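Me: Please examine the model shown below and answer a series of questions on its helices, its core and selected side chains.

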Amino acid sequence: MEQIAMVKSVQGNGMAVVAVQRGTACGAAHNCAECNGCETTLTRKENLVTAYNDAEAKPGDMVRVCSENGTFFKTAAIVYILPLVLALVFYGVSSFLPFGGNEMLRALCAGIGFVAGVLVAVAWDRHMKRVDGLRFHVVEIVRACSGM
């Protein structure tokens, strides 16, 4: 995944702190600030991430930042798909139990499966933060800052 970001600071260890502009929630190709749609619901308009400064960018430079796709998609699947899948599995398994004729009990089991999926996603998120699992790389300087 590639994004355009601004370098906020450069660290001595070959890393840079970059600000990635948050996209629109609806994914539309318009300026949400003009329509006061999804943009007004966002509380934070940029995310600060630490990236490997492969392009030797300086503070103020606009850069292209890439993340490792495999890790990104695995994390997205765990966070977005796993809770839904576990809810459906728990619902299906509960229908084969001796007391599975009760729809309220099947819905409760589906809720338990969903919560279990969310707990797995939270644990995965903490693990990824601890091991620095999602890595970003500054691969290109799009526009160098001349004034800083």
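Reply: The buried residues of α3 pack against α2. Here helices (H or I, at least four residues) and strands (E, at least two) are DSSP runs numbered from the N terminus, and buried means under 20% relative accessible area, with exposed over 50% and partly exposed in between (1.4 Å probe, protein chains only). This is a predicted model, in which local features need pLDDT of at least 70 and side-chain atom pairs count only at pLDDT 80 or more, while totals for chains, interfaces and linings use all residues. Residues are numbered from 1 along each chain as its sequence is written, and side-chain values use heavy atoms, with hydrogens and water left out.

Me: Which residues of α3 are buried?
Reply: An α-helix has 3.6 residues a turn, so residues three or four places apart point the same way. In α3, the buried residues are R106, C109, A110, G113, G117, A121 and M128.

Me: What distance does helix α3 reach from its first C-alpha to its last?
Reply: Helix α3 covers residues 103-130, 28 in number. The expected span is 1.5 Å times one less than the number of residues, which gives 40 Å here. The model is close to that expectation, at 41 Å.

Me: Which residue caps the N-terminal end of α3?
Reply: The cap rests on a polar contact, a pair of N or O atoms within 3.5 Å; within protein, one must be able to donate a hydrogen and the other to accept it, and residues adjacent in sequence count only if both atoms are side-chain atoms. A side-chain oxygen lies 3.0 Å from the backbone nitrogen of M104, and the residue that supplies this oxygen is N102.

Me: Which strand gives the most to the largest nonpolar core?
Reply: A nonpolar core is a set of buried Ala, Val, Leu, Ile, Met, Phe, Trp, Tyr and Cys residues joined through side-chain atoms within 4.5 Å. The largest has twelve residues, including V18, V49 and F136. β1 (2-10), β2 (15-21), β3, β4 and β5 (136-143) each supply at least two of them. With three residues, the strand giving the most is β2.

Me: Which side chain of opposite charge is nearest to D61?
Reply: D61 is found in the loop between β3 (46-52) and β4 (62-67). D61 is buried yet has no salt bridge, that is, no side-chain nitrogen of Lys or Arg within 4 Å of a carboxyl oxygen of Asp or Glu. Lys and Arg count as positive and Asp and Glu as negative, with His and the chain ends not counted. At 6.6 Å, the nearest side chain of opposite charge is K58.

How values were computed. Contact means heavy atoms within 4.5 Å.
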